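Work through the following exercises with the sequence and the coordinates at hand. Each task is followed by a solution in steps.

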Amino acid sequence: VLALTVVVAHCRILSQSASLGVIGMLNPEIAVYGFFAISGFLVVASYERSGSLRQYFAKRARRILPGYWLSTIFCVLIAVAFTHSFHVWGFLFANLTFMNFLHPGIPGLFSSNFLPAVNGALWTIKEELSFYVCVPFIVWLCRKYGHDIILPLLIVLSIVYKEMTSGPISHQLPAQLAYFLTGTLVYYHLSWFKRRGLWVVAAAAFAYIIYSFTGWIFLQPCSISILTIGACYLLPHFEGPAKWGDFSYGAYVLHFPIIQSLVALGLFSYAPWAALMTVLVLVSVSAVLSWKFVESPFLKSRLRKTSAEEAVTDTQTVASG
């Protein structure tokens, strides 16, 4: 749902089509913040289950890097197809080193579009990687001083930073850490959250309504995060496409250049709703192919390796016993 929200919202923003104004209420940033909250829940859970720091980082790398590299290569292929030029090395270097803010565009590509960026969605991947690096230190602090002290403190500091900054730096670490760590806090209190979650979600909804009318930014991170995790755990279970694979990441990292390409081709100018449906089809197909041939094989190799490591550990235990 969050990935679909981002895709549809970006269709409206990047095309600047008045005909798509009805979907203007969708805010891609809110969906991204929801991603951060879910990530804080799941990634810390992954760290707690990992047998070592090396295993944790290996799992994170296998999950995020293949799809990211695929999206970068995809952008390069689009650039070559549109510009018939190989002047992509600056873009390639910046994106492969997660510094896409240094080179968001490619000369001659999408220069007539509303935004010339090739894949403006990738800025969040840098944030995700920053979260992953911070997790071992944050969990160490939580174990030493208690997560009910450390996590709220870091959340408050993150919100203070977000409140006191403006411009591009207000969207960088540690500003986004509040969303991530609220998801982490729910993870550590999951059984309580399942019992009392309705009251917590109601309070979060009330806080978000106040934020909507007042603009008080300190109410936003925790309310969005709790509403997102609440939707995951308190609403009736609906597996949907997840029964066949995890397509959200592929849809997220691949949708932006697809939309930009259709905007450059003029499809949104002639038939905006047909263009929107075309984007949804192309993104869906791309996400499925990414999962089947790129993301899933890397994750399966991780599972095979983990099983082998566990078998070795069991053998050593029996031998030493």
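**Exercise 1. Salt bridges around an arginine**

R63 has a relative accessibility of 14%, so it counts as buried. The model examined here is a predicted one.

Task: Determine which residues are linked with R63 in a network of salt bridges.

Solution.

Step 1. Begin with the acidic partner E295: its side chain and that of R63 meet in a salt bridge, with 3.0 Å from N to O. Since R63 belongs to helix α3 and E295 to helix α12, the pair ties together parts of the chain 232 residues apart in sequence. Both R63 and E295 are buried.

Step 2. Next, take D246, whose side chain meets that of R63 in a salt bridge at 3.1 Å, N to O. This pair also links distant parts of the chain: D246 is in the loop between α9 and α10, R63 is in helix α3, and their positions lie 183 residues apart in the numbering. With a relative accessible area of 33%, D246 is partly exposed.

Step 3. Combine the two pairs: R63, D246 and E295 form a linked network of salt bridges.

**Exercise 2. A further salt bridge**

Task: State how many salt bridges the count comes to, and describe the one that R143 forms.

Solution.

Step 1. The count comes to four salt bridges.

Step 2. The partner of R143 is E48, and the closest N and O atoms of this pair are 2.7 Å apart. R143 lies in helix α5 and E48 in helix α2 (residues 28-49), so that distant parts of the chain, 95 residues apart, are linked.

Step 3. Compare each accessibility with the cut-offs of 20% and 50%. R143, at 57% relative accessibility, counts as exposed. E48, with a relative accessible area of 28%, is partly exposed.

**Exercise 3. The geometry of helix α10**

Task: Establish how the span of α10 relates to the expected value, and where α10 bends.

Solution.

Step 1. Helix α10 covers residues 248-264, which is 17 residues. From its first C-alpha to its last it reaches 25 Å, close to the 24 Å expected at 1.5 Å a residue.

Step 2. A bend of about 40° occurs in α10 at H255, and the proline P257 follows within four residues.

Step 3. As to cover, 15 of the 17 residues of α10 are buried, and the helix is mostly covered. After α10 comes G266, which has a positive phi, near 90°.

**Exercise 4. Positive phi outside glycine**

Most residues other than glycine have a negative phi.

Task: For H84 and F110, decide whether each is buried or exposed, and give the phi of H84 and of F110.

Solution.

Step 1. H84 is not a glycine, yet its phi is positive, about 55°. Its place is the loop between α3 and α4. H84 counts as exposed because its relative accessibility is 69%.

Step 2. F110 is likewise not a glycine and has a positive phi of about 60°. It is found in the loop between α4 and α5 (123-145). F110 counts as buried because its relative accessibility is 4%.

Step 3. A further positive phi, near 60°, belongs to F98, which follows α4. In helix α4 (residues 89-96) itself, the buried residues are F91, L92, A94 and N95, and the buried residues of α4 pack against α3 (53-83).

**Exercise 5. Two buried positions and a surface patch**

Task: List the contacts of T228 and of G197 beyond neighbours within four places in sequence, then name the residues that make the nonpolar surface patch.

Solution.

Step 1. T228 is in helix α9 (residues 220-234) and is buried, at a relative accessible area of 12%. Beyond its sequence neighbours within four places, T228 is in contact with L2, G34 and I38.

Step 2. G197 is in helix α8 (residues 190-214) and is buried, at a relative accessible area of 1%. With the same neighbours left aside, its contacts are W192 and L234. The C-alpha atom of G197 is separated by 9.8 Å from that of V186, eleven residues apart along the chain.

Step 3. The nonpolar surface patch, of about 390 Å², is made by V281, V285, L289 and F293. F293 is found in helix α12 (residues 272-320) and counts as exposed, at 55% relative accessibility.

Conventions. Residues numbered from 1 in each chain as written. Predicted model: local features only at pLDDT ≥ 70, side-chain atom pairs only at ≥ 80, totals over all residues. Heavy atoms only, no water. Helix = DSSP H or I, 4+ residues; strand = E, 2+ residues; numbered from the N terminus. Expected span 1.5 Å × (residues − 1). Bend = angle between axes of the 7 residues up to and from the residue. Buried < 20%, exposed > 50% of the residue type's maximum accessible area, 1.4 Å probe, protein only. Contact = heavy atoms within 4.5 Å. Patch = residues over 30% accessible without salt bridge, like charges linked within 9 Å, V, L, I, M, F, W, Y side chains within 5 Å. Areas by Shrake-Rupley, 256 points an atom, 1.4 Å probe, with all protein chains shown as cover.
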